[in-house]
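Thank you for letting me take a few minutes of the meeting. I would like us to go through one protein together, slowly, and to ask at each stop what surrounds the part we are looking at.

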Amino acid sequence: MPVTIKDVARVAGVSPSTVSRALTTPALVQAETRSRVERAAAELGYQPNRAARGLITGRTGNIGLIVPDLTNPFFPGVVKGVQSRARESDFSVFLADTDEDPNAEAGLVRALSKQVDGIVLCSPRMTEEDLRSVAGETPIVMLNRRVGQIPAITIDNVDGIRQAVAHLAALGHRRIAYVAGPRASWSNRERAKALRAVTAAGDIELVEVGNFVPQFAGGVAAADLVLATGVTAVIAYNDLVALGLLNWFATRGVKVPEAISVMGFDDIVLSQMVSPSLTTVAQPQEPIGRAGVDMLLQLLEDPDRAALARRELPSQLMVRHSTGRPPAASTI
């Protein structure tokens, strides 16, 4: 006879419902109890029957993950975090890419909701009205955006900007540019707003350039406009845009950081591989993915408990070789 959940419960000395929680949402079970259940399951050779569990619980054992652009090296780190945390709780992940299309995003949420128990929505671009609508239809946790009462995990953009501006100011920069990302990006709006506040408080002139696609090509397109402003430093919306700036500056014979300092946001792997290596504000990619799954599992277990859920992860300045003293200061 196959081993059942009741057999595991009897050996572990707990109820069948506790066994179910320990094996499906371990974060909700005390560590000592979870260990007893896992030992009992291993000793008995218990293998959960996903189909049977779905009939009992009404769950599919799947979660959805929607990202705006898988070619952006920031998002694979998030995907890895989501997948590893989901695997620990015996969930499969259905992944979809919207190609930065807000209309496709809403359609994908509704299509996936028929096949999954809930959705992790990464850096969504759709309107607040559309987000509230889809969140009313299926359990959703957002990453890198906040709207109303929808559960969300964000990264501290304000402190990241504060660290970036403090670094440039300490080097002697008093006029900097910001190459903006997509208009629909919540992170872009948060960073631009923080830049305006921090530079004004520090008596630093801010020149805003763009909006540009959050890709290498966006940085290339923005580079000549940045040079035309006469700034001594530029902060890009993300690392890909910053790498596009670096590339075009090199093509123009503009030395970095001697003629202009360049900073990014995200700390993707490529930021350390270019020359000069890119000074950037690190965003915790895998941790935000894992945190998103944790919050979604809590939402599935107890919708009321997850209402108004908010969590903010820290950002960290990574100083490398693309920033230095402004041209006038470097000759002193």
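I will begin with the whole protein, then turn to two helices, then to some loops, and end with a few single residues.

Please keep in mind that what you see is a predicted model. The protein has 332 residues, of which 52% count as buried, and its chain forms 14 helices and 12 strands. If we draw a box along the principal axes, the C-alpha atoms fill roughly 80 × 35 × 35 Å. The accessible surface comes to about 14,800 Å², and 53% of that surface belongs to carbon and sulfur atoms. As for charge, there are 34 positive and 34 negative side chains, and the centres of these two sets lie 3 Å apart. When we take the contacts between residues at least 6 apart in sequence, 69% of them join residues at least 24 apart.

Let us now look at the helix α1, which runs over residues 5-12. Which residues of α1 are buried? They are Val8, Ala9 and Ala12. Seen down the axis of α1, these buried residues fall within an arc of 100 degrees, so they line one face of the helix. For those of you who are new to helices, it helps to recall that an α-helix has 3.6 residues a turn, so residues three or four places apart point the same way. The cover over the buried residues of α1 includes α2, residues 16-24, and α3, residues 31-44, while the face turned away from the buried side carries the exposed residues Lys6 and Arg10. After α1 comes Gly13, and its phi is positive, near 75 degrees.

The second helix I have chosen is α6, residues 102-112, whose buried residues are Glu105, Ala106, Val109 and Leu112. Here the buried residues fall within an arc of 140 degrees when seen down the axis, so in α6 they line one face of the helix. What covers the buried residues of α6? The cover includes the strands β1 (62-67), β2 (92-97), β3 (118-122) and β4 (140-143), together with the helix α7 (128-135). At the N-terminal end of α6 there is a cap, formed by Asp101, which has a side-chain oxygen 2.9 Å from the backbone nitrogen of Asn103.

We come next to the backbone of some loops. Most residues other than glycine have a negative phi, and most peptide bonds are trans. With that in mind, consider Ser123, in the loop between β3 and α7, which is not a glycine and yet has a positive phi of about 45 degrees. Asp203, placed in the loop between α9 (186-201) and β7 (205-209), is also not a glycine, and its phi is positive at about 55 degrees. Are these two residues buried or exposed? Ser123 is buried, with a relative accessible area of 7%, whereas Asp203 counts as exposed at 68% relative accessibility.

There are also cis peptide bonds to point out. One joins Val256 and Pro257, with omega about 10 degrees, and Pro257 lies in the loop between α11 (239-252) and β9 (261-266). Another joins Ser275 and Pro276, with omega about 0 degrees, and Pro276 is found in the loop between β9 and β10 (279-282).

Let me finish with three single residues and their contacts, leaving aside neighbours up to four places away in sequence. His167, in helix α8 (residues 157-171), is buried with a relative accessible area of 14%, and the residues in touch with His167 are Met263, Thr279, Leu317, Val319 and Thr323. Ser187, in helix α9, is buried too, with a relative accessible area of 5%, and Ser187 is in contact with Asn144, Asn157 and Tyr237. The third is Val254, in the loop between α11 and β9, and the residues touching Val254 are Leu227, Phe249, Ala259 and Ile260. How far is Val254 from Leu70 in sequence and in space? The two are 184 residues apart in sequence, and their C-alpha atoms are 31 Å apart.

Thank you for listening, and I am happy to go back to any of these places.

Terms used: Residues are numbered from 1 along each chain as its sequence is written. This is a predicted model: local features need pLDDT of at least 70, side-chain atom pairs count only at pLDDT 80 or more; totals for chains, interfaces and linings use all residues. Side-chain values use heavy atoms; hydrogens and water are left out. Buried means under 20% relative accessible area, exposed over 50%, partly exposed in between (1.4 Å probe, protein chains only). Helices (H or I, at least four residues) and strands (E, at least two) are DSSP runs, numbered from the N terminus. The arc is that of the directions from the helix axis to the C-beta atoms. Contact means heavy atoms within 4.5 Å. Accessible areas come from the Shrake-Rupley method with a 1.4 Å probe; for residues, only the protein chains shown count as cover. Lys and Arg count as positive and Asp and Glu as negative; His and the chain ends are not counted. The place of a charge is taken as NZ of Lys, CZ of Arg, CG of Asp or CD of Glu. A polar contact is a pair of N or O atoms within 3.5 Å; within protein, one must be able to donate a hydrogen and the other to accept it, and residues adjacent in sequence count only if both atoms are side-chain atoms.
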